[in-house]
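Work through these short exercises with the model open. Each task is followed by a worked solution.

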Amino acid sequence: MVPTGAYGSWPSPIDAVLAARHDGRPEYVGVVGDEVWWTAPRPTEGGRRALVRRRADGTEESVLPAPWNVRSRVVEYGGQPWAGLARADDGPLVVFSHFPDQRLYAYAPDAGPGAEPRPLTPVSTVGGGLRWADPVIHPDRGEVWCVLEEFTGPAPTDVRRVLAAVPLDGSAAEDRGAVRELSDGRHRFVTGPRLSPDGRQAAWIAWDHPRMPWDGTEVLLAGITADGTLHGARTVAGGPEESVPQVGWTADGQLLYASDRSGWWNLYRPAEDSDGEPIALCPRPEEFGGPLWKIGLSWFHPLENGLVAVIHGKGATALGILDPESGELVDAAGPWTEWAATLAVHGTRVVGVAASPRSAYEVVELDTGTGRARVIGSAHDDPVDPAYYPEPQIRTFTGPDDREIHAHVYPPHNPDRIASGQELPPYVVWAHGGPTGHAPLVLDLEIAYFTSRGIGVAEVNYGGSTGYGREYRERLREQWGVVDVEDCAAVAEALAAEGTADPARLAIRGGSAGGWTTAASLVTSEVYACGTIIYPILDLLGWATDETHDFESQYLESLIGPLAEVPARYRERSPLDHVERISAPFLLLQGLDDVICPPAQAERFLGRMAGRGVPHAYIAFEGESHGFRRAETMIRALEAELSLYAQTFGIARPDVPVLELKK
């Protein structure tokens with residue numbers, strides 16, 4: 001007989017150390033010769049990103065030892081940080097961005113003992129320095145073409161971005177003048193160039209403030225001269241109210257791009273007549289693209305035989321093979337419910353990164369000839385008996401104005417315990433970041449950390465989330481702090497009303513934009529008994545002026561409204577200006593190196609909370625920025641969060657340190 005135990009008190013083999021060790025996912029897959037390469041998280045190695053290769057015999061190995069960290073800081077969220085080239089005589093060559101100094105380096109991993117990465121770009125002491133992303137190696141010219149982000153002054157908005165060509169011979173390592181600028185700098189933001197198969201054209205994406213890339217972008221097309229310069233750049237797709245997150249080329253030289261001109265990100269090619277409408281390859285009310293939070297993400301990749309690999313879906317995603325002539329789309333079989341925005345192709349094989357509710361993200365290869373998909377890298381390995389994993393429910397709730405709200409509900413689940421009597425479980429509502437983002441339906445050991453202890457989790461894809469079309473995404477336009485807060489509360493109240501959750505033991509938590517939603521919820525709602533606020537936005541006026549990075553510096557123009565026209569709205573919605581309304585205990589977690597949501601906001605917020613009698617705790621982490629990456633940080637953060645819930649909900653948890661709550 002399974003013993004009984006109060007919700008939240010259950011013993012679990014999924015501890016914070018285990019959850020932290022398995023945090024993160026592989027990213028940025030690519031093919032170098034016959035090998036598949038990708039970046040992989042290393043939480044126990046200071047949170048660095050390793051570059052991993054899968055050799056032809058199936059073995060995996062790191063390309064670079066610690067402390068090399070393959071990660072770009074372009075637009076702070078980064079982007080494609082490496083490019084590889086197979087060479088007949090000298091083995092592979094990789095060009096990568098090293099996180100600490102943001103220089104581009106070249107490295108030949110098979111060059112033998114003593115081979116070291118050599119810098120290709122100089123260091124700048126101006127502002128945030130020189131940064132590089134989305135590289136493409138141009139072997140015929142002996143260059144790597146990429147995005148250059150250059151700070152021109154001390155302010156976070158003193159920055160310019162252009163397409164640039166960096167010599168592979170290292171001549172630019174000490175001389176910024178050796179870098180050739182390819183574009184004219186007229187656009188604030190650009191992605192890396194995509195070269196046509198014949199090498200005569202380049203296409204890229206650009207946009208300007210105050211638009212974000214999911215609001216409106218342009219596809220630029222330029223010719224490439226014999227001396228490697230771009231000429232005649234012109235806009236061929238997109239616009240102020242049309243978002244194009246990716247562009248690419250077919251093997252026979254046709255331009256393809258994803259656009260939400262129909263209200264959904266679908267795949268298009270330009271009309272044969274320059275005045276005609278673009279041709280939709282597979283028009284459907286689902287997404288074939290996503291938000292361009294990082295430079296160089298990919299949701300489609302043409303194959304040599306004319307077919308196109310696509311990541312698509314509504315809510316969850318699938319990997320499919322599209323025939324662009326007939327519109328026929330065939331999905332790969334397998335358990336995966338979420339495919340990350342990264343694809344590579346090698347002959348008839350497609351490589352991506354996928355996860356499911358029973359498996360973490362792993363590198364998957366689809367053989368389009370046989371239809372067989374298999375895991376080839378970063379394979380999921382159950383660290384505990386899968387019986388302890390949560391069993392998610394895909395739910396649709398009704399919010400204010402009868403609007404639909406999408407959510408994933410994870411009830412408490414543990415094979416070793418059941419609840420006693422008529423007790424209802426506590427639940428924590430998780431608000432994702434972005435806010436133009438999405439909570440995927442995948443195995444997350446942080447969720448399992450709570451559900452296996454008897455605390456339910458509800459991940460809410462509130463209005464403004466991606467995956468459900470532009471109309472759903474734009475519910476948050478000028479409504480941030482309203483729609484997201486209402487939708488999260490509606491889910492929490494519905495779970496309580498149907499007898500799924502204890503109405504007296506509801507909590508909310510989130511990071512970044514989710515931290516904002518959490519703080520705003522504690523200010524405006526009495527639904528929650530407590531909250532966990534993680535690297536949040538708390539002061540809209542500060543964030544709209546000089547307290548964030550350039551990429552999001554005008555994001556609030558659409559989320560809240562034009563500052564010049566509605567300044568009072570910024571004060572009305574800022575949690576910082578309404579701390580007197582907060583009565584629920586909270587935990588505030590902050591990285592001290594965060595330039596996106598800086599600690600200054602958290603410190604001002606805490607200053608105004610001092611002496612108000614509300615129990616709270618603040619933990620700041622040295623060396624952490626926006627998004628915790630170090631194992632020791634994640635362990636402390638998880639255990640502190642559990643202690644907050646235990647103290648608030650009246651649960652005994654002697655297995656975690658007691659979080660000291662101050663008033």
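**Exercises on loops, a pocket and cavities**

Pro67 sits in the loop between strand S4 (60-62) and S5. The model is a predicted one.

**Exercise 1.** Find which residue is joined to Pro67 by a cis peptide bond, and give omega. Then do the like for Pro210.

*Solution.*
- Step 1. Ala66 is joined to Pro67 by a cis peptide bond, with omega about 10°.
- Step 2. The bond from His209 to Pro210 is also a peptide bond in cis, and omega is near 5°.
- Step 3. Place Pro210: its loop runs between strand S15 (201-207) and strand S16 (218-224).

**Exercise 2.** Decide whether Glu478 is buried, partly exposed or exposed. Classify Ser512 in the same terms.

*Solution.*
- Step 1. Locate Glu478 in the loop between helix H3 (470-473) and helix H4 (483-497). Its phi is near 60°, a positive value in a residue other than glycine.
- Step 2. The relative accessible area of Glu478 is 28%. Buried means under 20% and exposed means over 50%. Glu478 is therefore partly exposed.
- Step 3. Locate Ser512 in the loop between strand S34 (506-511) and helix H5 (513-524). Phi of Ser512 is near 65°, again positive in a residue other than glycine.
- Step 4. Ser512 has 11% relative accessibility, so it counts as buried.

**Exercise 3.** Describe the second largest pocket: its volume, its lining and the classes of its residues.

*Solution.*
- Step 1. The volume is about 1,500 Å³.
- Step 2. The lining has 43 residues; nearest the pocket centre lie Val31, Val136, Arg194, His301 and Val345.
- Step 3. Several strands give two or more residues to this lining, among them strand S1 (27-32), strand S9 (130-138) and strand S26 (338-346). S26 gives the largest share, 6 residues.
- Step 4. Sort by class: 24 nonpolar, 16 polar and 3 charged residues.

**Exercise 4.** How many cavities of 30 Å³ or more does the structure hold? Describe the lining of the largest cavity and of the second largest cavity.

*Solution.*
- Step 1. The structure holds 4 such cavities.
- Step 2. The largest cavity has about 120 Å³ of space. Its lining includes Trp214, Asp215, Arg470, Arg473 and Tyr555. H3 and helix H7 (556-559) each give two or more residues to it.
- Step 3. That lining divides into 5 nonpolar, 2 polar and 5 charged residues.
- Step 4. The second largest cavity has about 60 Å³ of space. Asp134, Arg194 and Leu297 are among its lining residues. The classes here are 5 nonpolar, 4 polar and 2 charged.
- Step 5. Link back to Exercise 3: Arg194 lines the second largest cavity, and Arg194 is also among the residues nearest the centre of the second largest pocket.

Definitions and conventions
Residues are numbered from 1 along each chain as its sequence is written. This is a predicted model: local features need pLDDT of at least 70, side-chain atom pairs count only at pLDDT 80 or more; totals for chains, interfaces and linings use all residues. Side-chain values use heavy atoms; hydrogens and water are left out. On a 1 Å grid over the protein atoms alone, a cavity is a set of points where a 1.4 Å probe fits but cannot get out, and a pocket is an open set with protein on both sides within 12 Å along at least five of seven lines; lining residues have an atom within 4 Å of a point. Grid points are joined across faces, edges and corners, and a volume is the space filled by probe spheres set on the points. Helices (H or I, at least four residues) and strands (E, at least two) are DSSP runs, numbered from the N terminus. Ala, Val, Leu, Ile, Met, Phe, Trp, Tyr, Cys and Pro count as nonpolar, Asp, Glu, Lys and Arg as charged, and the others, Gly among them, as polar. Buried means under 20% relative accessible area, exposed over 50%, partly exposed in between (1.4 Å probe, protein chains only).
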